Amino acid sequence: MAYRNKIITNPAAKQSIKFLQTAKDTQGKLLEMEAIYDSHSTEPPQHYHPSQEEDFIILKGQMTVRMDGKIMILREGDHLHIPSNTAHSMWNNSNDKVIVNWKVKPALTTEYLFETFAGLAADGKTNKNGTPGFLQVSLLANEYEKVFRLSKPPFIVQKIVFAILKPFAYLAGCRSVYKKYFD
């Protein structure tokens with residue numbers, strides 16, 4: 001469970017997150033974090049948040065952002081607002097660390113998603129880019145569909161495919177929730 005000043009690390013994605021304000025602290029209105037991206041962190045899959053918006057302030061370094069099919073570079077002091085339902089990805093493509101203030105509104109279950117990805121990566125259950133296997137993704141996509149959706153294929157296709165894969169994922173030992181990552 002996320003709490004103020006808790007730090008989680010995703011070694012595969014080369015990212016650490018310090019929770020500044022959690023859903024519990026803000027009655028669900030806000031999740032605020034400080035994220036540190038090591039040099040040449042990996043680009044996450046293009047995704048969007050169906051009912052949340054995000055705000056970023058670059059505190060140190062520069063971030064690469066892919067949004068609406070365009071790539072932009074954000075530098076120290078730059079702000080970025082990402083409305084809900086906007087496909088994007090962010091990563092550090094530079095030689096230096098990047099520190100970002102990151103706000104998600106409303107918080108919903110986003111902190112649990114981040115803790116799950118960090119836990120899976122720490123346990124070696126992701127690829128070198130920090131992405132879990134397809135069967136694991138199918139369960140996480142269903143569990144966290146209100147806070148995170150892949151941009152491709154279309155959401156309805158994902159729902160159908162992931163529903164078909166769900167029993168196979170459970171048989172393979174995957175779970176949609178890992179309580180040990182919330183400690």
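Which helix holds Gln 136? The close-ups below get there in the first view. Everything shown is a predicted model, where local features need pLDDT of at least 70, side-chain atom pairs count only at pLDDT 80 or more, and totals for chains, interfaces and linings use all residues. Residues are numbered from 1 along each chain as its sequence is written, and side-chain values use heavy atoms, with hydrogens and water left out.

**View 1. Gln 136, a residue of helix α2.** Gln 136 sits in helix α2; helices (H or I, at least four residues) and strands (E, at least two) are DSSP runs, numbered from the N terminus. Its relative accessibility is 5%, so Gln 136 counts as buried (buried is under 20% relative accessible area, exposed is over 50%, and partly exposed is in between, with a 1.4 Å probe and protein chains only). Neighbours within four places in sequence aside, Gln 136 is in contact with Leu 120, Cys 174, Arg 175 and Tyr 178; contact here means heavy atoms within 4.5 Å.

**View 2. Helix α2 packing on helix α3.** The two helices pack at an angle of about 120°, and their axes are 8 Å apart. Axes are lines fitted to C-alpha atoms, for helices over the stretch in contact, and angles run from 0 to 180 degrees between N-to-C directions. The crossing of α2 past α3 is left-handed, a label used if the near helix is turned anticlockwise from the far one by less than a right angle, with right-handed for clockwise. On the α2 side, the residues making the contact include Phe 134, Leu 135 and Val 137, and on the α3 side they include Phe 162, Leu 165 and Ala 169.

**View 3. Helix α3 (residues 155–171), end to end.** With 17 residues at 1.5 Å a residue, α3 should span 24 Å, and its end C-alpha atoms are indeed 24 Å apart; the expected span is 1.5 Å times one less than the number of residues. Look for a bend of about 40° at Leu 165, with a proline, Pro 167, following within four residues. The bend is the angle between axes fitted to the seven residues ending at that point and the seven starting there. Gln 158, Phe 162, Leu 165 and Ala 169 are the buried residues of α3, and they pack against α2 (134–143) and β11 (149–150). Leu 171, also in α3, has 74% relative accessibility and therefore counts as exposed. Just past the helix, Gly 173 takes a positive phi of about 95°.

**View 4. The open sheet of six strands.** The order is β1-β2-β3-β10-β5-β8, with antiparallel pairing; two strands pair if DSSP finds at least two bridges between them. β1 and β8 are at the edges with a single partner strand each, so one side of each has no neighbour in the sheet. On average, neighbouring strands are turned by 20° against each other, direction ignored.

**View 5. The β1 edge and its hairpin with β2.** Strands β1 (residues 7–10) and β2 (residues 15–21) pair in the antiparallel sense over four bridges. Asn 10 has Gln 15 as its bridge partner in β2, while Ile 7 has Lys 18. Four residues lie between the strands, and Lys 14 takes a positive phi near 60°. Ile 8 and Asn 10 are on the covered face of β1, with Ile 7 and Thr 9 on the uncovered one.

**View 6. The β8 edge.** Side chains alternate along β8 (residues 79–82): Leu 80 and Ile 82 point to one face and are buried, whereas His 79 and His 81 point to the other and are not. Strand β5 (residues 53–60) pairs with β8 in the antiparallel sense over four bridges, and Asp 55 stands opposite His 81.

**View 7. Lys 105 in strand β10 (residues 98–105).** Lys 105 counts as partly exposed because its relative accessibility is 32%. Not counting residues up to four places away in sequence, Lys 105 touches Lys 29, Leu 30, Ser 51, Gln 52, Glu 53 and Asp 55. Lys 105 and Ser 51 are 54 residues apart along the chain, with 8.6 Å between their C-alpha atoms.

**View 8. Helix α1 (residues 110–122) across the sheet strands.** α1 lies across β1, β2, β3 (31–37) and β10, at about 50° to β1. Of its 13 residues, 10 are buried, so α1 is largely enclosed by the rest of the structure. Among the buried ones are Leu 113, Phe 114 and Leu 120, and the cover over the buried set includes β1, β2, β3, β10 and α2. Just after α1, Gly 124 takes a positive phi of about 75°.
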